[in-house]
Amino acid sequence: LSHFGSTLKRQIPELGVALGPARLSPAERTLYASVSLCAVTETLSTALLIEMKRRAKHPLIHETVHSILEDEISHSRIGWAHLAWERKLRSVDWIGQYLPQMLQEAIIGDVPSMIAPKQSPDDLGTWGILPRPEAKAIMLKTTLEVILPGLAASGIDIASAREFASVTFCA
């Protein structure tokens, strides 16, 4: 990043964070984490990165977004594959009650760094940062047309997640 005259502040990850509700079994918490972090969050990230790559004009930014995009696609596939595997072993319908929370975690956690600040009057698309209204539209479309149909195909009730997405991304 020093190429652009700036440096990143070093961040230290929080260790010992348990993903998913404590009342879930270890296997359920693993699936919760896989669906939340990979199938939901990484699928949203993939959709946003595709548009970011399209807009990025500087070769270094374009190449960087492309590299991250490849990783996000792989991570997303891990979550979907884990869900498919678990579905063959046992019911996964319990995930439906947690989908709004998973979407909320994605919106608060990973996605904000890809979206311009609310007050940003500048178009930062050439730098790989999407305007907030467009990012929200991409997330809504991806949620309604990719994530929720994929989860429904696994026998998961998506009604609460559909309502959450419609309210949250349209606000």
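Guide: A residue counts as buried when its relative accessible area is under 20%. By that cut-off, 40% of the 171 residues of this chain are buried. The model is a predicted one.

Visitor: Which elements does the chain have, and how many helices and strands?

Guide: There are five helices and zero strands. Read from the N terminus, the order is α-α-α-α-α.

Visitor: What share of the contacts in the chain comes from residues 24 or more positions apart?

Guide: Take the contacts with a separation of 6 or more. Residues 24 or more positions apart account for 72% of them.

Visitor: Why is leucine 49 called buried?

Guide: Leucine 49 sits in helix 1. Its relative accessibility is 3%. The cut-off is under 20%, so leucine 49 counts as buried. Its C-alpha atom is 9.3 Å from that of leucine 130, although 81 residues separate the two along the chain.

Visitor: Why are helix 1 and helix 2 called roughly antiparallel?

Guide: They pack at an angle of about 150 degrees. Angles over 145 count as roughly antiparallel, so the pair earns that name. Their axes are 7 Å apart. The crossing of helix 1 past helix 2 is left-handed. In residue types, this contact has 14 nonpolar, 11 polar and four charged.

Visitor: How do you know that the span of helix 2 agrees with its 31 residues?

Guide: Helix 2 covers residues 59–89. The expected span is 1.5 Å times one less than the number of residues, which means 45 Å here. The end C-alpha atoms lie 46 Å apart, so the two values agree.

Visitor: Which residues of helix 2 are buried, and what covers them?

Guide: The buried residues are Ile61, Val65, Leu69, Glu72, Ser76, Gly79, His82, Leu83 and Glu86. Helix 1 and helix 4 are among the elements that cover them.

Visitor: What makes helix 1 oblique to helix 4?

Guide: Helix 1 spans residues 26–55 and helix 4 residues 132–152. They pack at about 135 degrees, with axes 10 Å apart. That angle makes helix 1 oblique to helix 4, because 135 is not over 145, not under 35 and not within 65 to 115. The crossing of helix 1 past helix 4 is right-handed.

Visitor: Which residues meet in helix 1 and helix 4?

Guide: From helix 1 come Val35, Ala39, Val40, Thr43, Leu44, Ala47, Leu48, Glu51 and Arg55. From helix 4 come Glu134, Ala135, Ile138, Met139, Thr142, Thr143, Val146, Ile147 and Leu151. By type they are 12 nonpolar, three polar and three charged.

Visitor: How do you know that threonine 142 is buried, and what does it touch?

Guide: Threonine 142 belongs to helix 4. Its relative accessible area is 8%. Buried means under 20%, so threonine 142 is buried. Leaving out residues up to four places away in sequence, threonine 142 touches Thr43, Leu44, Ala47 and Ile147.

Visitor: At what angle do helix 3 and helix 5 pack, and how far apart are their axes?

Guide: Helix 3 (residues 99–108) and helix 5 (residues 159–170) pack at about 35 degrees, and their axes are 8 Å apart. Helix 3 brings Leu99, Pro100, Leu103, Gln104 and Ile107 to the contact. Helix 5 brings Ser160, Ala161, Phe164, Ala165, Thr168 and Phe169. The contact has eight nonpolar, three polar and no charged residues.

Notes:
Residues are numbered from 1 along each chain as its sequence is written. This is a predicted model: local features need pLDDT of at least 70, side-chain atom pairs count only at pLDDT 80 or more; totals for chains, interfaces and linings use all residues. Side-chain values use heavy atoms; hydrogens and water are left out. Axes are lines fitted to C-alpha atoms, for helices over the stretch in contact, and angles run from 0 to 180 degrees between N-to-C directions. Helices (H or I, at least four residues) and strands (E, at least two) are DSSP runs, numbered from the N terminus. A crossing is left-handed if the near helix is turned anticlockwise from the far one by less than a right angle, and right-handed if clockwise. Contact means heavy atoms within 4.5 Å. Ala, Val, Leu, Ile, Met, Phe, Trp, Tyr, Cys and Pro count as nonpolar, Asp, Glu, Lys and Arg as charged, and the others, Gly among them, as polar. Buried means under 20% relative accessible area, exposed over 50%, partly exposed in between (1.4 Å probe, protein chains only).
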